Amino acid sequence: KTSIDASIARNISQWLGGSHDLKAGLQYTHSSTTINDAYLQGVFFYDFNGPYFIERHEPSGTGGLLRVFGGFVQDNWTVNGRVTLNLGLRVDRTAAGIQRVAQLDDTSRVTTGVVFDALPDLIAFAHASPRVGIAVRLDESARTIVKASYGRYYGRLNTNMFSAVSP
């Protein structure tokens, strides 16, 4: 997995009737996985304290490739001495598929010459995640503060999710 993150922050006082702590950033993540599955001589034995069971199959290769590009903006806006707003938006674009995978022999060390083609664009989507929060100081001593927030969060894909459709 490779990840690159960058962000910048800036404080601006006396803009739009208050002070602002602005922050923006970008993130890129690239990850891949390759799994080669093989039984020695193509056979696996099961012993269930009774008859033996034998499973046979050819070596297989599965993989997953994931790319996520995201960006965000955020503003902690102190409107006055009592009210602070937290406003933000994150946008992510995800693309996933399967890279080319070479089949290994039953020792999982030597390629057989069979290469499974890539399926690079199995899924692609983008989504926006808004966030908003408010903090209100109810008394001058700041001993009583009411806070509320809303945010929309999405789960992320992982590369192992594609092993079922891998050739």
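**Close-up 1. Arg-90 and Asp-92 pair up in a salt bridge.** In this predicted model, the closest N and O atoms of Asp-92 and Arg-90 are 3.0 Å apart. Are the two partners buried or exposed? Asp-92 has a relative accessibility of 6% and counts as buried, because the cut-off for that label is under 20%. Arg-90, at 12%, counts as buried too. This pair belongs to a set of three salt bridges in the structure, and the next two views turn to Glu-140 and its partners.

**Close-up 2. Glu-140 reaches Arg-82 across the sequence.** Here the closest N and O atoms of the salt bridge are 3.8 Å apart. Why is this pair worth a view of its own? Glu-140 sits in the loop between strand 9 (119–137) and strand 10, while Arg-82 sits in the loop between strand 5 and strand 6 (83–98), so their salt bridge ties together parts that are 58 residues apart in sequence. With a relative accessible area of 62%, Glu-140 is exposed. Arg-82 is partly exposed, at 36%.

**Close-up 3. Glu-140 also meets Arg-137, and a network results.** The side chains of Glu-140 and Arg-137 come together in a salt bridge with an N to O distance of 3.7 Å. Arg-137 is partly exposed, its relative accessible area being 24%. Which residues make up the network of salt bridges? They are Arg-82, Arg-137 and Glu-140.

**Close-up 4. Thr-94 is a buried residue of strand 6.** Its relative accessibility is 6%. What does Thr-94 touch, once residues up to four places away in sequence are set aside? Leu-66, Arg-67 and Val-68 are among its contacts, as are Ile-123, Ala-124 and Phe-125. Leu-157 is another residue that Thr-94 touches.

**Close-up 5. Leu-65 is a buried residue of strand 5.** The relative accessible area of Leu-65 is 16%. Leu-65 and Ala-95 are 30 residues apart in sequence, and their C-alpha atoms are 8.4 Å apart in space. Leaving out neighbours within four places in sequence, Leu-65 is in contact with Ala-95, Ala-96, Gly-97, Ile-98 and Gln-99, among others. Its contacts also include His-30, Ser-31 and Ser-32, along with Thr-159.

**Close-up 6. Four side chains form a nonpolar patch on the surface.** The members are Ile-4, Leu-26, Tyr-28 and Phe-69. How much accessible area do they have together? The patch comes to about 390 Å². Phe-69 belongs to strand 5 (residues 60–78), and this residue is partly exposed, with a relative accessible area of 45%.

**Close-up 7. Confidence varies from strand to strand in the predicted model.** For the protein, the mean pLDDT is 85, and 91% of the residues reach 70 or more. Where is confidence lowest, and where is it highest? Strand 3 (residues 43–47) has the lowest confidence, with a mean of 71, and strand 10 (residues 145–151) has the highest, at 95. If you plan to work from the coordinates, one friendly reminder applies: where pLDDT is low, the predicted positions should not be read in detail.

How values were computed: Residues are numbered from 1 along each chain as its sequence is written. This is a predicted model: local features need pLDDT of at least 70, side-chain atom pairs count only at pLDDT 80 or more; totals for chains, interfaces and linings use all residues. Side-chain values use heavy atoms; hydrogens and water are left out. Patches are made of residues with over 30% relative accessible area and no salt bridge: like charges are joined within 9 Å, nonpolar side chains (Val, Leu, Ile, Met, Phe, Trp, Tyr) within 5 Å. Accessible areas come from the Shrake-Rupley method with a 1.4 Å probe; for residues, only the protein chains shown count as cover. Helices (H or I, at least four residues) and strands (E, at least two) are DSSP runs, numbered from the N terminus. Buried means under 20% relative accessible area, exposed over 50%, partly exposed in between (1.4 Å probe, protein chains only). pLDDT is the predictor's confidence in each residue, from 0 to 100. Contact means heavy atoms within 4.5 Å.
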